[in-house]
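Visitor: I'm new here and would love a close look at one part, chain B. Could you walk me through how it is built and how it meets its neighbour?

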Amino acid sequence: MASYAAEQLKEKGNVAFRNGEYLEAEDFYSQAIHRYSRNSLIFTNRANVRLKLQRYDGVVDDSLKSIEIQGQGGQNHKAFYFLGMPCDILSGLRRLSIALCRHAQAQLSLNHPNEALSSALTAYNQVLHPQPAAKISPKDLETFSAFVLKCKKQKFASRERERLRRRGDLCAELEVTLDSQRQRDQSEITLQLQRGDVGNIAASERAAEIRSAFDHKVAELHTIFAAADPANHKAREIPDHIIDTITFEPMHDPVMTKTGHSYERATIYEHLKRSPTDPLTREPLTIDELRPNFGLKAACEEFWDSGASEWIIDW
Amino acid sequence: MAGMSGKRLQKELAKIQGVLPPGITLVSAPDLQTWHMDLRILDNPLYPPHDHYRLKFSFSKNYPIEAPEVVFLRLTTDPRRDIPIHPHIYSNGIICLDLLDAQGWSPVHNVESICISIQSMLASNTKDERPPGDAEFVRSNRARPRDINFLYHDPSV
């Protein structure tokens with residue numbers, strides 16, 4: 001049994017790891033993976049030992065592999081921990097961010113916007129606060145920032161879809177309940193008619209009453225659901241204050257200039273690289289003078305969490 | 001990433017298809033990279049109010065971080081659509097305006113605000129003349145407008 005042999009090798013690796021024999025441990029884990037490559041734990045363990053050995057590229061690869069094996073719904077906190085570590089990975093950092101982005105992309109395609117967003121945010125923070133020696137291309141911040149935005153939009157869209165689906169079910173269910181109520185009332189009338197409790201005319205009058213009451217209720221139901229559905233309303237506009245006046249995109253990490261105007265961090269960095277001036281006043285301005293705008297950031301978050309759905313189409 | 005220009009231009013185009021200031025019209029924007037706009041100058045006897053002047057905007061991938069290239073086009077079939085005469089506009093359509101220059105550009109400008117600037121630059125003009133050295137510049141210039149070092153020698157115009 002390949003998996004049993006792998007388990008044995010893994011145990012040997014664990015012992016070596018505990019004894020501080022990292023090279024040997026890595027070797028045992030590698031052999032184990034060679035025998036049986038579907039055990040996510042071996043990958044996480046090898047990621048751990050590679051961390052000790054400072055082979056950061058390997059850490060990233062193994063962590064991603066481990067997450068991949070566990071697949072959808074996997075609770076691989078360890079692997080995510082290795083990926084998200086605020087580590088002193090220097091040369092590996094850019095790679096890590098790119099790997100995280102790739103992971104986020106995979107999650108997006110699997111329709112896991114939450115996981116994708118968290119990976120994308122980690123990647124964004126990694127390039128935003130790089131260690132001094134890290135090789136971060138200036139273009140990276142812009143790329144990752146755009147990617148965070150994409151993940152946010154997807155998350156938003158998927159939650160909206162889910163909501164619509166559930167609400168659609170509820171509407172249908174209520175309609176069925178109303179209809180069965182109508183049928184009960186209707187058969188009650190028929191019974192009364194058969195027993196001779198009511199006359200023909202009275203019975204048909206009651207039947208018409210029930211029918212129109214039912215129709216009225218269903219119409220009412222649909223109106224209420226339509227009113228609760230922003231898609232049926234006039235397009236809701238994204239409030240101007242959360243729009244970056246350079247890209248015209250909603251912001252997720254706004255920073256403020258000396259004059260009090262806010263821009264998306266990645267965009268204003270890009271502008272300052274070419275022209276160290278305030279875009280509105282043309283006064284000298286450098287990156288160090290920018291301040292995060294936490295209040296506006298909270299307002300942006302609030303918008304992302306709100307029920308506006310129209311802008312997904314427009315923006 | 002294919003640059004930030006795409007999204008931004010789409011949004012600008014959507015906005016510009018709505019209401020524009022008087023005298024400014026969108027002619028065509030076939031592919032988002034090149035737009036044509038028409039200008040009319042409403043209150044300056046140098047430019048009859050029914051004459052249209054056509055501007056060509058060319059956007060790079062990095063718009064709006066980088067300025068667009070904006071020149072006047074000569075539409076030879078219609079004499080009323082010539083290149084407007086102005087001491088900062090060369091007869092080949094190249095405009096000498098600080099906000100179109102790399103140093104003068106700011107990403108908060110947009111197509112509409114550029115049109116307004118050029119329109120007001122023409123509206124306030126009193127000199128019926130081309131820039132000094134126009135003939136020589138038109139004959140010899142091969143550089144793209146953004147690479148030309150204009151001398152902003154006359155800020156009063």
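Visitor: Among contacts in chain B between residues at least 6 apart in sequence, what share joins residues at least 24 apart?

Guide: Happy to help! This is a predicted model, where local features need pLDDT of at least 70, side-chain atom pairs need 80 or more, and totals for chains, interfaces and linings use all residues. Residues count from 1 along each chain as written, chains are lettered from A and ligands numbered from 1 in written order, and side-chain values use heavy atoms, without hydrogens or water.

The share is 58%, a contact being heavy atoms within 4.5 Å. Chain B has 3 helices and 4 strands, in the order α-β-β-β-β-α-α from the N terminus; these are DSSP runs, helices (H or I) of at least four residues and strands (E) of at least two. Of its 157 residues, 48% are buried, that is, under 20% relative accessible area (1.4 Å probe, protein chains only).

Now to the neighbour. In chain B, 16 residues are in contact with 19 of chain A. The two chains bury about 1,600 Å² between them, 63% of it from carbon and sulfur atoms; this is accessible area (1.4 Å probe) lost on being put together, summed over both. On chain A's side, A:I246, A:F248 and A:R274 supply 33% of the area buried against chain B, more than any other three residues.

There are 3 salt bridges between the chains (Lys or Arg side-chain nitrogen within 4 Å of an Asp or Glu carboxyl oxygen). B:K11 forms one with A:E249, at 3.5 Å from N to O. Helix 8 (138–195) and helix 10 (265–274) of chain A each give two or more residues to the side touching chain B, and helix 8 gives the largest share, 5 residues.

Definitions and conventions: Buried < 20%, exposed > 50% of the residue type's maximum accessible area, 1.4 Å probe, protein only.
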